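Dear colleague,

Please find the structure below, handed over for your own work. My notes on what was found in it follow directly after.

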Amino acid sequence: MIYPIVVYGCPVLREQTQNIDANYPNLNQLIDDMFATMYNAEGIGLAAPQIGLSIRMFVIDLEVLAEDDPQFKGFKKVFINPQIVEYGDQMESCDEGCLSLPGISESVKRPSKIRIQYLDEKMEPHDEVYENYKARVIQHEYDHLEGKVFVDHISPIRRQMNRGKLTSMVNGKIRCRYRIKTVK
Ligand code: NI
């Protein structure tokens, strides 16, 4: 099933999320549906709040980038109950976008290295270090679980520049190539 993607302005994107366990209903189906929803919108990452669920889970698939950079080959992952436990000292800037903020792309500064603990789709624990673009995508999705979106990180002047677009999203006055859910 392809879910509509929740757009900026919907309260669920600002909520704190809850850990889940292996008994979460239809977890495997939900994971499949999150990937399907993400692929349908041509995204590389999707967090549960973006389909209206306040739970700590996100999916990432960077395979589309593998043609340009082999490090992304087969990088398809599910992160359940993740915790970023360490951040590197070095910061890096790069343009980001988000399926919940269609039409906006802005440079975001983030630590270039993280250490993250999480469960995979089989509920197996992992403790891993990621750098550069992988670390960036993980931090972007992780933010969604903390009730944050990428425009929270941009400068006040850049926010001002995007105010019109953000207001249109809140008012449900946007067009999008995939199915969305807005507040109004
Ligand atoms: Ni996002």
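Valine 7 is buried, with a relative accessible area of 0%; buried stands for under 20% relative accessible area, exposed for over 50%, and partly exposed for what lies in between, using a 1.4 Å probe and protein chains only. This valine 7 sits in the loop between strand S1 (5-6) and H1. Helices (H or I, at least four residues) and strands (E, at least two) are DSSP runs, numbered from the N terminus. Leaving aside neighbours within four places in sequence, valine 7 is in contact with Leu13, Ser100, Pro102, Met169, Ile174, Ile180, Lys181 and Thr182, where contact means heavy atoms within 4.5 Å.

The model is a predicted one, in which local features need pLDDT of at least 70 and side-chain atom pairs count only at pLDDT 80 or more, whereas totals for chains, interfaces and linings use all residues. Residues are numbered from 1 along each chain as its sequence is written, and side-chain values use heavy atoms, with hydrogens and water left out.

The metal site

The nickel ion has three protein donors named here: Cys98 (SG), His140 (NE2) and His144 (NE2), at 2.1 to 2.2 Å from the ion. Donors are N, O and S atoms within 2.8 Å of the metal (3.2 Å for Na, K and Ca); water is not among the atoms, so sites may look incomplete. Along the chain, the donors of the nickel ion follow the spacing C-x41-H-x3-H. Distant parts of the chain are thereby linked: cysteine 98 belongs to the loop between strand S5 (91-96) and strand S6 (106-111), histidine 144 to helix H2 (residues 132-145), and the two are 46 residues apart. Cysteine 98 and histidine 144 are both buried.

Arginine 110 and glutamine 139

Arginine 110 is placed in strand S6 and is buried, with a relative accessible area of 3%. Which side chains make polar contacts with arginine 110? Glutamate 96 does so at 2.7 Å, and aspartate 143 at 3.1 Å. A polar contact is a pair of N or O atoms within 3.5 Å; within protein, one must be able to donate a hydrogen and the other to accept it, and residues adjacent in sequence count only if both atoms are side-chain atoms. Not counting residues up to four places away in sequence, arginine 110 also touches, among others, His140, Phe150 and His153. Valine 7 and arginine 110 are 103 residues apart in sequence and 23 Å apart in space, C-alpha to C-alpha.

Glutamine 139, in helix H2, counts as buried at 4% relative accessibility. Its side chain reaches the backbone oxygen of proline 111 at 2.9 Å. Beyond four places in sequence, the contacts of glutamine 139 are Ile84, Tyr87, Arg110, Pro111 and Ile114.

Sheet and cores

Five strands form an open sheet in the order S2-S3-S4-S7-S8, with antiparallel pairing; two strands pair if DSSP finds at least two bridges between them. Strand S2 (45-47) and strand S8 (125-131) are the edge strands, each pairing on one side only. From one strand to the next the twist averages 40°. Axes are lines fitted to C-alpha atoms, for helices over the stretch in contact, and angles run from 0 to 180 degrees between N-to-C directions. Strand S7 (residues 113-119) and S8 pair over seven bridges in the antiparallel sense, and isoleucine 114 stands opposite tyrosine 130 in S8. Helix H1 (residues 27-40) lies across S2, strand S3 (57-61) and strand S4 (76-87), at about 50° to S3.

The largest nonpolar core has 20 residues, and Met34, Leu46 and Met57 have the most contacts inside it. Such a core is a set of buried Ala, Val, Leu, Ile, Met, Phe, Trp, Tyr and Cys residues joined through side-chain atoms within 4.5 Å. H1, S3 and S4 each supply at least two residues of this core, and the largest share, six residues, comes from H1. A second, separate core of 18 residues includes Ile114, Val137, Ile138 and Tyr142.

Backbone points

Two asparagines have positive phi values: asparagine 81 near 50° and asparagine 132 near 55°. Asparagine 81 is in strand S4 and is buried at a relative accessible area of 16%. Asparagine 132 lies in helix H2 and counts as partly exposed, at 37% relative accessibility.

With kind regards
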